[in-house]
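Colleague: I am new to this structure and would be grateful for a close look at a single part of it. Please also place that part within the chain as a whole.

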Amino acid sequence: MGGTAVRTATTALVTGANKGIGLQAVRQLAELGLTVLLGSRDPDRGARAAAELAARGVRAEPVTLDVTDAGSVRAAAEHIDDRHGVLDVLVNNAGIFLGPLSLDTTAEDLRPLYETNVFGVVTVTRAMLPLLRRSRAPRVVNVSSTTASVELTRRPEPIPGDPTRRLAYASSKAALNMLTAQYAEAFERDPELARIKVNAVAPGFTATDLNGFTGTRTAAEGARVITRLATLPDDGPSGGFFDDRGPLPW
C-alpha cells in the first residue's frame, strides 16, 4: 500500500465518528497533524467525543452529519466549505449492523442497513466531491468488512462472528465494495478527478457496539488501516480492498 511520494493533507472528515473505530480514526489522523472534522448524527454526542479527545490533547472539530438525511449532508458540506474551503480526506465510516437470522431476513430488514451503509456513502461522497476536487491529493476511504468478501465467506476457514446472521450486513458491505470499485473507475477516466484515490478497508473483528464488543481487536487497531489508506502517497493504490496486512480478495 505504500510508496515514496510525499503528500500533505490538511482537512479530513470522518463520518460516524463519535465512538468506536471512527473516533479512533479521528484521533490518529489528528495526531498526524490533520484538521479533522468529527462527523456525528447526534450533535451532543459529537461534542462530547470532541471534548474527550481534547482532554487527551487531540483537537477535532465536531460536525453534525446524518448520512441518511440529504439536508444534513448538504449542511455539513456547506459548513466545511465556509470554514475550510477544501476537503483532502473523506472517510465514509458511518455504518450500522442488524443481524436477524439470514433465513428469516426480509427486504424490510435490509432497508435500514442499505440506507446507511450504501446509500449514505453515495449521498456523502456526491456532496463532498466539489470540496475534494479542490484538494491536490484527495483520498476517500470506505469502511467495509471482511464479511463483504465472497471468496473469504466461501472458504472453509470461518470469518469470526456468527455466519448465520450476516445476510443483511455482509450484502450491504459487498455493495459498498462495488461502489468503491465503480468510483475508482469513474475517477480514473475523468482527467479532473484522476488524482482522487478511493479504497475500501476492513478493520477486522473489532470490539465495538456493532458486535456487542465481542471482537478481538481494539478500535485503535481497527482504525490503523483507515489512517494508512487516508494518507496514501501519490503513487499509492486506488480501487482496492485492504486490511492492515494488505489486499483482500473481493
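Modeller: The account below begins with one helix and then turns to the chain around it. Please note that this is a predicted model. The part chosen is helix 6, which covers residues 167-188 and so has 22 residues by the DSSP assignment. From its first C-alpha to its last, helix 6 reaches 32 Å, close to the 32 Å expected at 1.5 Å a residue.

Many side chains could be followed here, but burial offers a clear guide. Towards the start of helix 6, the buried residues include A168, Y169, A170, S172 and K173. Further along, L176, N177, L179 and T180 are buried as well, and Y183, A184 and F187 complete the buried set. The cover over these residues comes from several elements, among them helix 4 (107-133) and strand 5 (139-143). Strand 6 (197-201) and strand 7 (241-243) also contribute to that cover.

Helix 6 belongs to a chain whose secondary structure comes to seven helices and eight strands. The radius of gyration of this chain is 17 Å, close to the 18 Å that the globule rule gives for 250 residues, so the chain is as compact as a globular protein of that length. Along the principal axes, its C-alpha atoms fill a box of roughly 50 × 40 × 30 Å.

Burial can also be stated for the whole chain: 50% of its 250 residues are buried. Of the contacts between residues at least 6 apart in sequence, 73% join residues at least 24 apart. Finally, the chain exposes about 11,600 Å², with carbon and sulfur atoms supplying 53% of that area.

Definitions and conventions:
Residues numbered from 1 in each chain as written. Predicted model: local features only at pLDDT ≥ 70, side-chain atom pairs only at ≥ 80, totals over all residues. Heavy atoms only, no water. Helix = DSSP H or I, 4+ residues; strand = E, 2+ residues; numbered from the N terminus. Expected span 1.5 Å × (residues − 1). Buried < 20%, exposed > 50% of the residue type's maximum accessible area, 1.4 Å probe, protein only. Contact = heavy atoms within 4.5 Å. Rg over C-alpha atoms; globule rule 2.2 N^0.38 Å. Areas by Shrake-Rupley, 256 points an atom, 1.4 Å probe, with all protein chains shown as cover.
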